[in-house]
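Biologist: I should be grateful for a close look at a single part of this protein, namely its open sheet. Please describe how that sheet is put together, and then turn to the pocket that shares one of its strands.

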Amino acid sequence: MNITTPCGHELTTRLLDQKSECALDSSFNRVLSTLTQESYVSALFFSKHFSPIHQPVVVFSSLYTPLSDDSIAMHLEKLKKLKPSIEVHHYQNTSVFPAKFENNLLGFLIIEASDDAIKPFESLIAHLLNVYVKQLSTLHYACIDPLSQLLNRQTFEEKVLSVVARDNHAAMRQGYAERCWYLAMLDIDNFKLVNDTYGHVIGDEVILLVAQLLKNNFRSEDYVFRYGGEEFAVLFPSQSAETAFEGLDRIRALIAATRFPQVGTVTVSGGFVTLIDIGQTSEAVHQADQALYHSKQHGRNKMTYFNDLDIKPLELNQSDIELF
């Protein structure tokens with residue numbers, strides 16, 4: 001075992017030096033490999049929404065047998081029963097470390113070993129897990145839009161690029177068939193009229209309520225952004241374009257059926273595209289926007305899939321479209 005400093009200062013610094021979520025995830029995985037000399041298998045499950053209401057999803061895993069949702073829930077229930085001071089739970093040849101933030105259990109690290117060789121490093125691993133969570137929280141809250149509490153525009157391109165590069169396909173729940181990623185752009189219909197009629201305070205409230213509906217009805221593995229103004233972006237995996245459309249249209253209908261204070265009915269229009277062979281982020285956004293504009297042109301309160309339009313990327317003249 002070759003760790004430069006017994007207190008783990010070098011490993012701690014390595015984690016704190018990471019400036020993106022993907023880089024931090026990879027760095028923590030490598031840190032564990034350093035400690036275990038890659039002779040053990042491990043997995044990290046965590047709710048990156050930093051909310052205990054979202055079930056943790058796999059961040060990385062080398063487990064021979066994937067954990068089902070029921071197994072994840074079982075581990076969480078066991079950890080909830082432990083005293084707060086307990087850093088690790090043992091059973092059989094498995095060590096499970098609770099991952100907490102502000103006293104909320106948001107996930108766990110699991111390490112499977114055939115002997116007790118990992119025990120001398122358990123306190124260090126627990127410490128590094130805590131460092132990982134704190135650094136992740138710093139990165140997470142720096143990416144949050146203050147009004148909507150969704151991910152902000154500045155983090156959007158990084159997430160799209162990581163999805164296109166398939167860097168975070170492992171972050172999807174285990175046990176699912178291979179799925180494609182989709183980008184959806186959603187825009188509140190007639191939002192300028194809301195501002196002009198009720199004022200910007202009520203307009204901000206509409207943005208906040210729509211954001212809450214989006215956040216509460218997408219899954220923990222999906223990424224929901226406030227793209228700008230009254231426009232939102234969503235990155236999400238689905239088994240097919242049909243199921244992607246069904247999910248988006250269900251949320252569209254939910255928003256249309258919700259009663260908004262003072263304003264009454266609010267609707268959204270949307271468009272989405274499959275993230276396959278996308279050369280640049282701007283290209284994906286442009287195609288999703290074209291589908292969004294098509295929804296606006298054809299009555300609003302609709303969802304449109306870009307591939308159904310049978311148009312070239314630059315065929316639609318955006319300047320002719322009234323978004324508001």
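Modeller: In this predicted model, 5 strands make up an open sheet, and their order across it is S7-S8-S6-S11-S12, with mixed pairing. Strands of a sheet are held in pairs by backbone hydrogen bonds, and the pairing may be parallel or antiparallel. At the edges of this sheet stand strand S7 (223–228) and strand S12 (303–305); each has a single partner strand, so one side of each is left without a neighbour in the sheet. With direction ignored, neighbouring strands are turned by 20 degrees against each other on average.

One pairing within the sheet can be followed to its residues. Strand S6 (residues 180–188) and strand S11 (residues 268–274) run antiparallel and are joined by 7 bridges. Leu183, for example, has Val273 in S11 as its bridge partner.

The edge strand S7 leads on to the largest pocket. S7 gives two or more residues to the lining of this pocket, as do strand S2 (57–61), helix H4 (122–142) and helix H5 (156–164). The space in the pocket is about 430 Å³. Its lining consists of 30 residues, and those nearest the centre are Glu21, Lys48, Leu151, Lys159 and Tyr223. Sorted by class, the lining comprises 15 nonpolar, 7 polar and 8 charged residues. Because domain 1 (8–143) and domain 2 (153–308) both contribute residues to this lining, the largest pocket lies between the two domains.

Notes: Residues are numbered from 1 along each chain as its sequence is written. This is a predicted model: local features need pLDDT of at least 70, side-chain atom pairs count only at pLDDT 80 or more; totals for chains, interfaces and linings use all residues. Side-chain values use heavy atoms; hydrogens and water are left out. Two strands pair if DSSP finds at least two bridges between them. Helices (H or I, at least four residues) and strands (E, at least two) are DSSP runs, numbered from the N terminus. Axes are lines fitted to C-alpha atoms, for helices over the stretch in contact, and angles run from 0 to 180 degrees between N-to-C directions. On a 1 Å grid over the protein atoms alone, a cavity is a set of points where a 1.4 Å probe fits but cannot get out, and a pocket is an open set with protein on both sides within 12 Å along at least five of seven lines; lining residues have an atom within 4 Å of a point. Grid points are joined across faces, edges and corners, and a volume is the space filled by probe spheres set on the points. Ala, Val, Leu, Ile, Met, Phe, Trp, Tyr, Cys and Pro count as nonpolar, Asp, Glu, Lys and Arg as charged, and the others, Gly among them, as polar. Domain bounds come from an automatic or database domain assignment.
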